[in-house]
Amino acid sequence: MFSLNGSSFTNNSLSGVSRCLTQSSRRGVSGPMVVAAAVNSNGKPGDRNVSVLVENSMKESAAAPVEKEIKSTVTGGVGDVYGEDSATEDQSITPWTLSVASGYSLLRNPHYNKGLAFSEKERDSHYLRGLLPPVVVNHDLQVKKMMNNLRQYEVPLQRYIAMMDIQEMNERLYYKLLMDNVEELLPIVYTPTVGEACQKYGSIFRRPQGLFISLKEKGKINEVLKNWPERKIQVIVVTDGERILGLGDLGCQGMGIPVGKLSLYTALGGIRPSACLPITIDVGTNNEDLLNDEFYIGLRQRRARGQEYAELFDEFMYAVKQNYGEKVLIQFEDFANHNAFDLLAKYGTSHLVFNDDIQGTASVVLAGLMASLQLVGGTLAEHTFLFLGAGEAGTGIAELIALEMSKQTGIPLEETRKKIWMLDSKGLIVNSRMESLQHFKRPWAHEHEPVKELVNAVKSIKPTVLIGSSGAGRTFTKEVVQALATFNEKPIIFALSNPTSQSECTAEEAYSWSEGRAIFASGSPFAPVEYNGKVYASGQANNAYIFPGFGLGLIISGAIRVHDDMLLAASEALAEQVSQENFEKGLIYPPFTNIRKISANIAAKVAAKAYELGLATRLPEPANLVAYAESCMYSPAYRSYR
């Protein structure tokens, strides 16, 4: 986590927090039993909307023993039972047959519904005859059909809504669809389409996908958490909606971000869906358009600040740990600068917290820079960096770069920071501005004359790397890019702001203005560009490369705190996944088609660092962490309901 004194992301001296939590083996149920339908007084099938059953199922379970020991090579994991996954924390397994109705109610339950994939035997056993057309199809054909349907929509938001409908109908189909078509669907469920979804969330909201905790719930947050149907939560993504992507304050409608992030935790990182909880903290909004919108779904008041905000968040953080334990990962998402840094510093030493905007962005950008060195040569310490934007993303990236340079060279952190320059809305951050700077900008104030314009800063500082994290679109102008290209054979340009409309420049602009010499990456995806007869495929510095695998690594190791070195390990693991074939195409990130393998490798490196630092609680450490991570990952494959 990012420390306010600028020394590092997190307190590196967490003595006394390592524990050895050796656990005994757990027991679970071997396989689903036949579901008995609710019956009326005449002994005939009754109302299928009545949640069932337990009597007949319990009689059957009494007649034949169904429990067995579930073996795990590593304490803390459990076997894959009813589709629950071993990347999980001390969960008790409840047979779905004891909690889910058969017949019509089964088809309405997205966790267990298989639609037309129910077999003939399952249709007989679970009272589905007549409720489905006679054809039986497999999972792959269902995916093919849904992709065909999705491609009929020309508007990305329509595809987003269709994906929401699939998730609410058939959870395993949704995740298989996303995993099998990740490059095509990632821009739909995540950036850039999720930005528009948040803007219109009040109009497209259908049914709860997470928890809304507002000021009205102050004093009752512990009870509100208990309203969520799942009890074994491992990852929470929480936002207060004040800085959604580059779109500003969207208040309660920021819920689309936690929902989207957690979909990727499952699809890309293998965390079971039932272990994920999206949360929006609603303290009001300062967005006048939303306050006057009759369809707005949040509190109609201006944002709470100060003590009122702090007390609500304190209660929330305490309630989370009380309900879900020490090892639940809380990911802060899209908080404004003034809260993002403070929350990370405040709770970093008492909770397992991670800020994706500060730390996740930093880790993925550092990985891209490390990979870029294979194309431009030199070490990180031999390059000069200029940032446009000095908020949580920019300063977070800068700090991780400085930490990596210090680690590689042994040069003190205060010295490596001098290779990094930042320009905010008032111009270049220099020593003469020190008194007026926010605390997180002060480490980046260096000795230099004031400079207002970006193009003049480029000409004066002569950076080899230009990074945009400003949230302001089209700020890398032709003049800026051409100036950068005059003294760099291969200028490195990262236009990171999201969504696409806020990107500092497009891929086409970067390649054409640099005469095809730029090494370009962006926050939102761009199509390949043809320039002078050559096709350039740009990279996407997408946080989805990092946070799913990072979270998996924390979970499989039972980590209780996040440390700087875990972020560096994640960056190194990602950079190592870029192949020579990728480099030959000009790519500095691997293709998303391999993301599950990439996430497993990142998880293994992060877990290994947790064990090395004494922050892991799942002991003993597995001999092969990559294989263990892969074995723990959620699979959307259908299970046979006997």
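Colleague: How many aromatic pairs does a search of the whole structure find?

Modeller: The search turns up 20 aromatic pairs. Keep in mind that this is a predicted model.

Colleague: Okay, take Phe-354 and Phe-550. Are those rings stacked or edge-to-face?

Modeller: Their centres sit 4.9 Å apart and the planes are at 25 degrees, so the pair is stacked. The cut-off for stacked is under 30 degrees.

Colleague: And where in the chain do the two residues come from?

Modeller: From distant parts of the chain: Phe-354 is in strand E7 (residues 352–355), and Phe-550 is in helix H21 (residues 547–557), with the two positions 196 residues apart.

Colleague: Is Phe-354 buried or exposed? Same question for Phe-550: buried or exposed?

Modeller: Phe-354 is buried, at 0% relative accessible area. Phe-550 is buried too, again with 0%.

Colleague: What about Tyr-511 and Phe-520, how do those rings sit?

Modeller: That pair has its centres 6.1 Å apart and its planes at 70 degrees, so we call it edge-to-face. Tyr-511 has 2% relative accessibility and counts as buried, and Phe-520 is buried at 0%.

Colleague: What does Thr-506 touch, leaving out residues up to four places away in sequence?

Modeller: Phe-520 again, plus Arg-474 and Phe-526. Thr-506 itself is in the loop between E12 and H20, and at 12% relative accessibility it counts as buried.

Colleague: Back to rings for a sec. Which residues do ring pairs link into a cluster?

Modeller: Tyr-309, Phe-313, Phe-316, Phe-332, Phe-335 and Tyr-347. Some of those names come back in a helix contact: Tyr-309 and Phe-313 of H13 and Tyr-347 of H14 are among the residues that make it.

Colleague: Good, let's do that one. How do the axes of H13 and H14 cross?

Modeller: Helix H13 (residues 306–324) and helix H14 (residues 337–347) have axes that come within 13 Å and cross at roughly 45 degrees. The two helices are therefore oblique to each other. The crossing of H13 past H14 is right-handed.

Colleague: Which other residues are in that contact?

Modeller: On the H13 side there are also Ala-310, Asp-314 and Met-317, and on the H14 side Asn-339, Leu-343 and Lys-346. Sorted by class, the contact has 6 nonpolar, 1 polar and 2 charged residues.

Colleague: Now H15 and H22. How do their axes cross?

Modeller: Helix H15 (residues 356–376) and helix H22 (residues 564–576) have axes that come within 8 Å, crossing at roughly 40 degrees. That makes H15 and H22 oblique to each other, and H15 passes H22 in a right-handed crossing.

Colleague: Which residues meet there?

Modeller: From H15 you get Gln-359, Ser-363, Val-364, Leu-366, Ala-367, Met-370 and Ala-371. They meet Leu-567, Leu-568, Ala-570, Ser-571, Glu-572, Leu-574 and Ala-575 in H22. The class count for the contact is 10 nonpolar, 3 polar and 1 charged.

Colleague: Switching to backbone stuff. Is the peptide bond from Thr-191 to Pro-192 cis or trans?

Modeller: Cis, with omega near 10 degrees. Pro-192 is in the loop between helix H7 (182–189) and helix H8 (193–199). Most peptide bonds are trans, for context.

Colleague: And Asn-498 to Pro-499, cis or trans?

Modeller: That peptide bond is cis as well, with omega near -10 degrees. Pro-499 is in the loop between strand E12 (492–495) and helix H20 (507–513), and Thr-506 is in the loop between E12 and H20 too.

Colleague: What's phi for Tyr-127?

Modeller: About 60 degrees, so positive, although Tyr-127 is not a glycine. Tyr-127 lies in the loop between helix H3 (120–125) and helix H4 (139–150), and at 34% relative accessibility it counts as partly exposed.

Colleague: And Asn-532, what is its phi near?

Modeller: Near 50 degrees, a positive value in a residue other than glycine. You'll find Asn-532 in the loop between strand E14 (529–531) and strand E15 (534–536). At 69% relative accessibility, Asn-532 counts as exposed.

Colleague: Last one, Gly-210. Where does it lie?

Modeller: In the loop between helix H9 (201–204) and strand E3 (211–214). Gly-210 counts as buried, at 5% relative accessibility. Leaving out residues up to four places away in sequence, Gly-210 touches Trp-228, Met-255 and Pro-278. The C-alpha atoms of Gly-210 and Ile-236 are 9.8 Å apart, with 26 residues separating the two along the chain.

Methods. Residues numbered from 1 in each chain as written. Predicted model: local features only at pLDDT ≥ 70, side-chain atom pairs only at ≥ 80, totals over all residues. Heavy atoms only, no water. Axes fitted to C-alpha atoms, helices over the stretch in contact; angles between N-to-C directions. Helix = DSSP H or I, 4+ residues; strand = E, 2+ residues; numbered from the N terminus. Parallel < 35°, antiparallel > 145°, perpendicular 65-115°, else oblique. Left-handed = near helix turned anticlockwise from the far one by under 90°. Contact = heavy atoms within 4.5 Å. Nonpolar A, V, L, I, M, F, W, Y, C, P; charged D, E, K, R; others polar. Phe/Tyr/Trp six-rings, centres within 6.5 Å; stacked < 30°, edge-to-face > 60°. Buried < 20%, exposed > 50% of the residue type's maximum accessible area, 1.4 Å probe, protein only.
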